[in-house]
Amino acid sequence: MLQGKTALCGEGARGEGSGVHPCFPAAGGQGGVGKQGWGTSRGCCPGQASLQTAALSRELPASPSEPILPQLGTHLPTRLRQQPWSLLYCTARDGFSLRTLYRCTNQLSSPALLLIRDTEAQVFGAFSTSPIHVSKCFYGTGETFLFSFSPELKVFRWTGRNSFFLKGDVDLLMVGGGSGKFGLWLDGDLHHGGSCPCETFNNESLSPRGEFCVQDLELWGLD
């Protein structure tokens with residue numbers, strides 16, 4: 001089983017296991033991202049760049065010279081930037097199932113980083129200081145945020161207008177909300193999802209079409 005690890009640290013760090021997992025460097029760093037394309041396989045298959053690599057480099061095979069984008073690490077809470085992160089769930093390894101994702105995280109209390117690539121090669125996701133789990137009501141903290149690479153990194157932080165950070169139903173995961181709209185949602189099969197502007201984060205739609213089909217999904221957590 002692949003056990004990818006990465007730290008929010010300085011340049012050149014790589015994950016353990018068969019996948020390549022560069023670090024999120026501190027402000028001003030370039031990280032360990034190389035010229036790796038998306039390829040045709042999913043997520044974190046052995047020998048292929050993970051979603052994390054692809055999202056941060058954003059270098060498609062047709063455009064290998066595109067510049068490396070700003071790193072997500074500088075947007076995380078300062079106390080977490082030097083912490084080692086591990087791959088908890090990956091659709092390529094674990095299959096497409098929200099219930100399986102919950103099972104992979106039900107013993108943890110660490111923050112969570114959700115990375116999604118849709119079938120149109122758009123990359124986006126969410127960060128939460130709380131683990132993702134089934135809940136009867138919304139939970140989370142004001143450090144939760146949504147983000148997208150379109151292609152520049154955009155981060156959408158808490159507005160303070162409501163506290164609809166995350167809610168996990170058995171067959172639906174929601175991040176952000178208000179007026180019946182969700183900043184990000186995923187269905188129980190993790191095949192389909194959607195994104196709308198929401199009051200919690202005042203975000204743009206993370207996917208150009210609003211609704212999307214998932215190509216790859218990874219969930220990372222602290223060791």
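**View 1. The second largest cavity has a lining of 7 nonpolar, 2 polar and no charged residues.** This is a predicted model. The second largest cavity encloses about 40 Å³ of space. Its lining residues are Leu88, Thr105, Leu108, Ser110, Pro111, Ala112, Pro131, Ile132 and Leu219. Searching the whole structure for cavities of 30 Å³ or more gives 3.

**View 2. Leucine 173 sits in strand S8, residues 172–178.** The relative accessible area of leucine 173 is 2%. Leucine 173 is therefore buried, the limit being under 20%. Its contacts, with neighbours within four places in sequence left aside, include Leu98, Tyr102, Leu114 and Ile132. Lys167 and Gly168 are also among the contacts of leucine 173, as are Leu184, Trp185 and Leu186. Ile132 appears in two settings: it touches leucine 173, and it lines the second largest cavity. For a backbone reference, take glycine 193. From leucine 173 to glycine 193, the C-alpha to C-alpha distance is 9.1 Å, with a separation of 20 residues in sequence.

**View 3. Strand S5, residues 145–149, is mostly covered.** Of its 5 residues, 5 are buried. One side of S5 carries Phe145, Phe147 and Phe149. The other side carries Leu146 and Ser148. Both faces are covered, and these residues are all buried.

**View 4. S5 pairs with S4 and with S6.** Strand S4 spans residues 123–128 and pairs with S5 over 5 bridges. The sense of that pairing is antiparallel. Valine 123 has phenylalanine 149 of S5 as its bridge partner. Strand S6 covers residues 153–157. S5 and S6 also run antiparallel, joined by 5 bridges. Here leucine 146 stands opposite phenylalanine 156 of S6. The link from S5 to S6 is a hairpin of 3 residues. Two residues tie this view to the previous one: phenylalanine 149 partners valine 123, and Phe149 lies on one side of S5. Leu146 lies on the other side.

**View 5. Threonine 144 lies in the loop between S4 and S5.** Is threonine 144 buried or exposed? Threonine 144 counts as buried, because its relative accessibility is 1% and the limit for buried is under 20%. Its side chain reaches the backbone oxygen of threonine 141 at 2.8 Å. Beyond residues up to four places away in sequence, threonine 144 touches Phe127, Ser128 and Thr129, among others. Trp158, Phe165, Leu166 and Phe201 are also among the residues that threonine 144 touches. Phe127 and Ser128 fall within the range of S4, residues 123–128.

**View 6. Alanine 121 has a positive phi.** Its value is about 70°, although alanine 121 is not a glycine. Where does alanine 121 lie? Alanine 121 is in the loop between strand S3, residues 112–118, and S4.

**View 7. Asparagine 202 also has a positive phi.** Here phi is about 50°, and asparagine 202 is not a glycine. The residue belongs to the loop between strand S10, residues 192–194, and strand S11, residues 211–222. The relative accessible area of asparagine 202 is 58%. Asparagine 202 is therefore exposed, the limit being over 50%.

How values were computed. Residues are numbered from 1 along each chain as its sequence is written. This is a predicted model: local features need pLDDT of at least 70, side-chain atom pairs count only at pLDDT 80 or more; totals for chains, interfaces and linings use all residues. Side-chain values use heavy atoms; hydrogens and water are left out. Buried means under 20% relative accessible area, exposed over 50%, partly exposed in between (1.4 Å probe, protein chains only). Helices (H or I, at least four residues) and strands (E, at least two) are DSSP runs, numbered from the N terminus. Two strands pair if DSSP finds at least two bridges between them. Contact means heavy atoms within 4.5 Å. On a 1 Å grid over the protein atoms alone, a cavity is a set of points where a 1.4 Å probe fits but cannot get out, and a pocket is an open set with protein on both sides within 12 Å along at least five of seven lines; lining residues have an atom within 4 Å of a point. Grid points are joined across faces, edges and corners, and a volume is the space filled by probe spheres set on the points. Ala, Val, Leu, Ile, Met, Phe, Trp, Tyr, Cys and Pro count as nonpolar, Asp, Glu, Lys and Arg as charged, and the others, Gly among them, as polar. A polar contact is a pair of N or O atoms within 3.5 Å; within protein, one must be able to donate a hydrogen and the other to accept it, and residues adjacent in sequence count only if both atoms are side-chain atoms.
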